[in-house]
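Subject: Structure handover

Hello,

Here is the structure I promised to pass on. Please open it first and keep it beside this email as you read.

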Amino acid sequence: MIKKLNRKFYNRSTLKVAKDLLGKYLVVQKNGELLSGKIVETEAYIGYKNPASHAYRGMTPRNEVMFGDPGYAYVYFTYGMHHCLNLVTEENGYPAAVLIRALEPVQGIEIMQKRRKRKGLTDLASGPAKLCQALGVDLKFNGEDLCSDSLWVEDKGEVIKSISSSTRIGIKEKDKKNWRFFLKNNEFVSR
DNA sequence: TGAATGATCACG
DNA sequence: GTGATCATTCAT
């Protein structure tokens with residue numbers, strides 16, 4: 001049974017949402033294209049006290065979506081060339097989101113290969129900026145409603161075997177929180 | 001290991 | 001305005 005995750009799903013503990021998203025399917029529908037992939041790796045960014053979060057110094061024009069209602073997309077541009085996709089969690093006023101770090105490509109693989117200029121499967125969406133390039137996600141998706149018909153997550157009833165966790169990638173603070181989650185022994189996770 | 005490449009933010 | 005920084009990727 002396939003069902004689109006509703007706002008209630010996102011309005012929960014960010015760590016729970018980050019883990020529950022593994023094995024679900026991210027879908028992007030745009031310009032008549034339908035692209036999707038299984039979520040195999042996520043990271044949690046929670047609250048304003050954690051220096052690793054964009055929300056650490058309070059609300060700014062860039063991160064304001066993180067402070068809003070759950071179930072919306074937070075997309076940001078970084079390193080002068082890359083986009084990253086987050087799904088906003090928890091109640092309005094509390095800044096938190098789950099970074100989607102890697103997908104196993106499922107639908108629209110030829111389009112992804114063309115966008116990524118890569119032939120195989122494992123290199124199409126095995127990183128937060130890679131999957132945005134593959135799916136065509138850019139700043140126009142910032143603030144997009146995940147309960148809409150252009151960007152959403154589906155539960156196909158898939159049962160997850162084993163979840164591993166580790167420290168988050170690419171953040172320099174010595175925060176030892178194991179807030180990165182991924183499917184064990186999955187070949188589509190980053191690096 | 002380091003270059004690419006530009007938006008963002010704090011500071012003043 | 002200015003300068004440091006950056007939840008990355010790819011080629012060397």
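Below is what I found, starting with the DNA and moving on to pockets, rings and one serine.

One point before the details. This is a predicted model.

**DNA strand C**

Start with DNA strand C. The protein places 21 residues around this strand. Y76, H82, N86, R116 and K172 are the closest of them. Of the strand C atoms that come within 4 Å of the protein, 59% belong to sugar and phosphate.

Which parts of strand C do the side chains of H82, N86 and K172 reach? H82 goes to a base: one of its polar side-chain atoms lies 2.9 Å from a base oxygen of DNA strand C. N86 also meets a base, with a side-chain N or O atom 2.4 Å from a base nitrogen of DNA strand C. K172 meets the backbone of the DNA instead. An N or O atom in the K172 side chain is 2.9 Å from a phosphate oxygen of DNA strand C.Four elements give two or more residues each to the surface near strand C: β4 (73–78), β5 (82–88), β6 (96–107) and α5 (128–135). α5 gives the most, with three residues. By class, this surface has 10 nonpolar, six polar and five charged residues.

**DNA strand B**

Now the other strand I looked at. R57, T60, P61, R62, F77, Y79, G80 and M81 are the residues around DNA strand B. Sugar and phosphate make up 62% of the strand B atoms that come within 4 Å of the protein. The surface near strand B divides into four nonpolar, two polar and two charged residues.

Three contacts are worth finding on screen. A polar side-chain atom of T60 sits 2.3 Å from a phosphate oxygen of DNA strand B. Y79 uses a backbone N or O atom, which lies 2.5 Å from a base oxygen of DNA strand B. G80 also uses a backbone N or O atom, and this one is 3.3 Å from a base nitrogen of DNA strand B.

**Pockets**

How much space lies in the largest pocket? The volume is about 950 Å³. The lining has 40 residues, and H54, Y76, T78, Y79 and G170 are the closest to the pocket's centre. Y76 is also among the closest residues to DNA strand C. Y79 appears in the list around DNA strand B.

β3 (33–46), β4, β5, β6 and α5 each supply at least two residues of this lining. α5 gives the most, with five residues. By class, the lining has 18 nonpolar, 13 polar and nine charged residues.

The second largest pocket holds about 160 Å³ of space. Its lining is K38, E158, V159, I160, K161, S162, L183, K184, N185 and N186. Three of these residues are nonpolar, three are polar and four are charged.

**Aromatic pairs**

The structure holds three aromatic pairs. One of them is formed by F9 and Y10, an edge-to-face pair with 5.3 Å between the centres and 85 degrees between the planes. Both F9 and Y10 are buried.

Why is the pair of Y48 and Y94 edge-to-face? The planes of the two rings stand at 70 degrees, so the pair counts as edge-to-face, the cut-off being over 60 degrees. The ring centres are 6.4 Å apart. This pair links distant parts of the chain, 46 residues apart. Y48 is in the loop between β3 and α3 (64–67), and Y94 is in the loop between β5 and β6.

Buried or exposed, or in between: where do these two residues fall? Y48 has a relative accessible area of 44%, so it is partly exposed. Y94 is at 28% and also counts as partly exposed. Partly exposed covers the range between the 20% and 50% cut-offs.

**S148**

Last, a serine. S148 is in the loop between α5 and β7 (151–155). Its relative accessible area is 16%, so S148 is buried, as buried means under 20%. The side chains of S148 and E144 are joined by a polar contact of 3.5 Å. A polar atom of the S148 side chain also lies 3.3 Å from the backbone nitrogen of S150.

That is the handover. Over to you.

Best wishes

Methods
Residues numbered from 1 in each chain as written. Chains lettered and ligands numbered in written order. Predicted model: local features only at pLDDT ≥ 70, side-chain atom pairs only at ≥ 80, totals over all residues. Heavy atoms only, no water. Near = heavy atom within 4 Å. Polar contact = N/O pair within 3.5 Å; in protein donor to acceptor, adjacent residues only side chain to side chain. Helix = DSSP H or I, 4+ residues; strand = E, 2+ residues; numbered from the N terminus. Nonpolar A, V, L, I, M, F, W, Y, C, P; charged D, E, K, R; others polar. 1 Å grid on protein atoms, 1.4 Å probe; cavity = no way out; pocket = protein on both sides within 12 Å on 5 of 7 lines; lining within 4 Å. Points joined across faces, edges and corners; volume = space filled by probe spheres on them. Phe/Tyr/Trp six-rings, centres within 6.5 Å; stacked < 30°, edge-to-face > 60°. Buried < 20%, exposed > 50% of the residue type's maximum accessible area, 1.4 Å probe, protein only.
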